[in-house]
Amino acid sequence: ISVVILISEEKTSTIQKSYHRFFRPNIKLKESAICSGNSEIKSRAVVKYCAAPPPTSYALLQEKTDLKLPPANWLRENPQLGSAGTTILGSSSKSKPFSSFGMAYEFIDCIGDDVDVVSDSEVLLPPFVGLACLITGDWTWLKEFYQRLMDQKWQRKKKSKEHWYQKAILSKFLYYSINGDGAAEPESDNLNEGDEESRAEEFSTSWPTTFTSTSNAEEPEAPKQVLCFALGQVTSVPKEQNLPTLFNEGESSQGLRNDFVRNIMWTFEDIHMLVGSNMPIFGGGRYPAVSLRLRDNNKPINILTGIDYWLDNLMCNVPELVMCFHVNGIVQKYEMIKTEDIPHLENSTFSTRVVKDIAQNILSFLKSNCTKEGHTYWLFKASGSDIVKLYDLTTLCEEAEEEKCQNPFTLPVAVLLYKVASNLMLKARQNRKHYGTIRTLLLNCTKLLDQERHPQIIASAHYMLSELFQLDEPLEEDGGESLRAGGSEDSYSDEDREEEDDLTEDSDDNGSYSNCSSTQDDSKAVAVIRSVGELSVPEKYRSTHQIRPSCAFPVSQDKEERCRLVLSYVLRGLKAVDGSIKKESDLPAADPNTPIPLKYEDRSSNGACTAEKGISLLLERAGPLQADQKHPTRSGMIPGSWQHHMKLKLFFKASKAYYVLSDAATNLLKYGRALRYIKLSLQCYDAYCSVSGTLHPHVLLFHSQCLSLCGDIQLMLAQNANNRAAYLEEYSYQTKEDQEILHSLHRESSCQAFSMATDLAMDPEYQLFVSSKCYEAAYELLVSEALKDHTSDQLAQVLKRLGNIRNEMGVYYMNQAAAMQAEKEVKRSVSVAEQEMWKKSFGFFEKGMTDFEAIGDSTNTALLLCNTGRLMRICAQAHCNVSGDEGRGEFSPEEALYYNKAIDYYLRAMKSLASRENHPAVWDSVNWELSTTYFTLATLLQDYAPVSRKAQEQIEREVTEAMMKSLKYCDLQTDSARQPLYQYRAATIHHRLASMYHSCFRNQVGDEHLRKQHRSLAELHYSKAVSLFLSLKDAPCELLRTLLERVAFAEFTMAGQNSSTAKLKSLTGAIEIMTETRHAFQLIQKELQEEQKEVSLQEAHAYSTGSDGPMAGLNLQEVMKLIGVFEPSFSFLLLQVIKLMTTTKRKPSNKDEELLKTYKNVYSKLLRADKNAPLVSRVELYIDLLQQLTQRTGSDDTARSSSECQ
């Protein structure tokens, strides 16, 4: 992403002066305003910052002024000259070789978008978008580097005596030219030539051996300015937590600040540059802005000088140049030249287009060969040679072992990458298209730096890399397009990019760039320009190579893959922080490759009570902290240090990543893995609490989410106990990355505060208990003082989870009580253990209802009321009386009490739902349970009537009332899955009521009105029961039993009749009822035939066992029993009707004779039937006989009978 280019030659040449200001990899093809008078070149300069006072007019020196004599104000600070006057003799020890980096840092918003080049007037630095070109001429470091690695015999010539002489008189000229009260006067004491030389030597070139060396001790006046990076602006850390500086005083004094008097946004053609300049500018009067130049009258202005003057004026938007000519230091004359006329001066004529062509050719050359991101390249031309060589200094520095050969450009480039990435992070909040660029910048930043020397930048960069992946936001469907920014990278690995770099290095985009071996050092050169003259040919070097590859942001749909990448960055950041912490008594070294055991134990023997201490620790840690940290942490970190703030961010980011992993595993039903991840998340939070003195609301809100998820996982583990072995295997697995992160966490905390909540237990009761405590802790957090203004939907979700877990625990203890009741061999009195289970279950149901009522959840409130009703029914069943012979006793008052309580809870549930439209499924469930409870109560009252305590009439009245209420809640109209069950229950209720009234009718003596009422009610309910059983199609036994009881009722009615006609009529009616049993026998026949298709040839054995019926409703033993009642009753009716018809005195009609004949025939066949015949044969015979009777009695009679049933 960034490449530093050093350009040097042994003697200044046309190339250096013409192209060194135009290095830029990606020229933007857009128009700029024409602000210069030159019709060929477009130039525009806008001052961004200026520390100099407004320009004042210059002093016109008198002819014959001796410039060799120093003025009185020489080398004194002057705002008009700025630093130019004091350093005009050369770069002093105070000069900053990386001043362009400092300017880039100050105008960081311009880097990458508005600016192509960042430079001072002599040294250029194009920014991160492509190359970073730093041009130097005579640095000691570069000279020593070249001698060590390339040519030990090479020597750079020292500056001549004439050079320093010219520098000195130029400085004196500028001080003489200052106009005003402080006008220069010659000093009274003349300096001899030797003194001037020695003074000039003070300003000779110097270069630090390494960038990290401390500042010169002889410079106490140097301002202690350091660079601060606002990491807080690009992270979620509150503004009051400011990170410390990333550089110490020594580093900041090495030029990483903007020391220019003037910063200018200069546009040259389509090249946009941020230029720092210290050139003195004078003005006033006719000339608002002019630059002063001193020239030897005996030496004509050459092309190099003309280009230099022209470019300087264009950069600073100075329209005119004032030239002062001298001979041996004696002023001769002045001449004023317009800037646009400089290219046309005599002996200095040059083409501005050639200047641009040279720049573009060199740029194309560099774009094709400077391809390794973050590397420093040196473009070198030897004196007297036309060959220009390009060296990769980064590679050569890596090969060299000497300390002096270390690359001094590494840190400033890395810092620039980091600052640009930080600035882009602010923009990335609104537009994710920058994510790919930010990631590439930060990755290259970390590659350039040594972790031991610059741990803070390394840690901050890795944290920002982790922040690129927004774990708390769902990935949009079109996210791939927006994040990739046109790229197609699908891998997170950097190996592909390195391979591309290797390929690019070996490839040749232009044949003229091939390396030649014309000189001895060609083997180390990356590329060579064979002749300087080629650079002036337009588009001689045209490159299609793209220096900066597309910065595609890796988008993965796999949430786990994204989280793992985040954790890898967090781990690298933690390693950088841990490596920077020095402590006298360090912690015992732990092997990061050794897994840290994740404990689990079976607490079934100890129960939930043994976890109280651990849960109290959980609640204590979950609360908000108040006191600020004042003492060093466990690892020796000082609160408020950069390590302290960085660890807080990294711990919190790791906790969020593990939380997302746990949530994803939960959705995949991998509950063992989910518990392991939430354990790691809470361990990160525990370490965060150990380091942090104050927990901010957003941290507490996130922690409540972690506790809620932990509760969810424990609940799921309790509900899926069958897969415990698989969950244990998932829970015990650990990656090396997780182990290393745990190792870093244990430097700050024991990470045991949440161990009780995250251990994998073997007891479902304990898991439910832990789940409830997690929800309670989350609830306590949300209602705490710290979060009273920050909770909204999250509180409702936690209350719903609390209500759900309390319902689960209530159901668990209710099932435990039911199991205890089923396991008792003899039902004696209720045990204490059962009562304890009831109390626990009832208590949890009550708390759950309170939770749901708090959020207005009527549906779940109704469900808990329904479960409480079921608990009351279990209590009622436990209180049933058992006699000495283990028979069921009378219906007890305790049973009635609990059944009535159950009914009350069901009615409250119905009231909570209000109507079926609110939640049909829950409404139907409550409705069914209520009907069932009424039916059970009525059945027990009827079957085990408390005759010892209540009168028969009262019992009958209560039974009738309960049956009718049960019938009321039998929803026969709604088409649902329960409709057949409702029909069966309604038919059973009518059958039972009919049987009760039948019994009352038989046993009632004296009150004829009451007997008639019972008789009519019995007939009514029998007919309704028959009609409902007929509609079911799958209850033949119940239909047959009801019809036989109805026949018996008709027989009993006939027994009380004296008239033969009345008896005959009753018998005929009874036979008609008996013929309806044909439907029941047809259903039985159908089921038996289906059974024969599924069994083997051993039909007799299958029938005798009576256990292989395909239909759940068919009981062969019950069928045989009913047939045993059917045959004698049928025979009795036929015999009686034959007797009455043959003994009647009235002459029979033809119809009666045919009917009598039919009765005799049927009766005869019934008597001759084989009692040992197979059941299917016997059923077929009954169907045939009943069919004959149906045909004789007529369909009208059958229809009439059916209508009565309706």
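Which residue is the bridge partner of Tyr391 in E13? In the predicted model, that partner is Ala525. The paragraphs below place this pair in its setting, beginning with the chain as a whole.

The chain comprises 1206 residues, of which 55% are buried. Its secondary structure consists of 40 helices and 13 strands. Among contacts with a separation of 6 or more, 77% are made by residues 24 or more positions apart. The accessible surface of the chain amounts to about 54,300 Å², and carbon and sulfur atoms contribute 48% of this area.

Confidence varies along the sequence. The average pLDDT of the chain is 74, and 69% of the residues reach a score of at least 70. Two segments in which the pLDDT stays under 50 may be noted. One of these covers residues 188-255, for which 137 contacts beyond four places in sequence are present in the model. Another covers residues 474-521, with 89 contacts beyond four places in sequence.

Strand E12 spans residues 388-392, and five of its five residues are buried; the strand is therefore largely enclosed by the rest of the structure. Its residues point in two directions: Val388, Leu390 and Asp392 point one way, whereas Lys389 and Tyr391 point the other way. Burial applies to both sets, since the cut-off for a buried residue is a relative accessible area under 20% and all of these residues are classed as buried.

Strand E12 pairs with two strands. Strand E11, formed by residues 376-381, runs antiparallel to E12, and five bridges connect them. Within this arrangement, Tyr377 is placed opposite Asp392 of E12. Strand E13, formed by residues 525-529, is likewise antiparallel to E12 and is joined to E12 by four bridges. The pairing of Tyr391 with Ala525 belongs to E12 and E13. Tyr391 is thus described both by its bridge partner in E13 and by its burial, on the side of E12 to which Lys389 also points.

A further buried position is found in a helix. Helix H27 extends over residues 858-878 and includes Thr868. The relative accessible area of Thr868 is 0%, so this residue is counted as buried. Beyond its neighbours within four places in sequence, Thr868 is in contact with Phe842, Phe845, Met849 and Tyr905.

Technical notes:
Residues numbered from 1 in each chain as written. Predicted model: local features only at pLDDT ≥ 70, side-chain atom pairs only at ≥ 80, totals over all residues. Heavy atoms only, no water. pLDDT = per-residue confidence, 0-100. Contact = heavy atoms within 4.5 Å. Buried < 20%, exposed > 50% of the residue type's maximum accessible area, 1.4 Å probe, protein only. Areas by Shrake-Rupley, 256 points an atom, 1.4 Å probe, with all protein chains shown as cover. Pairing = 2+ DSSP bridges.
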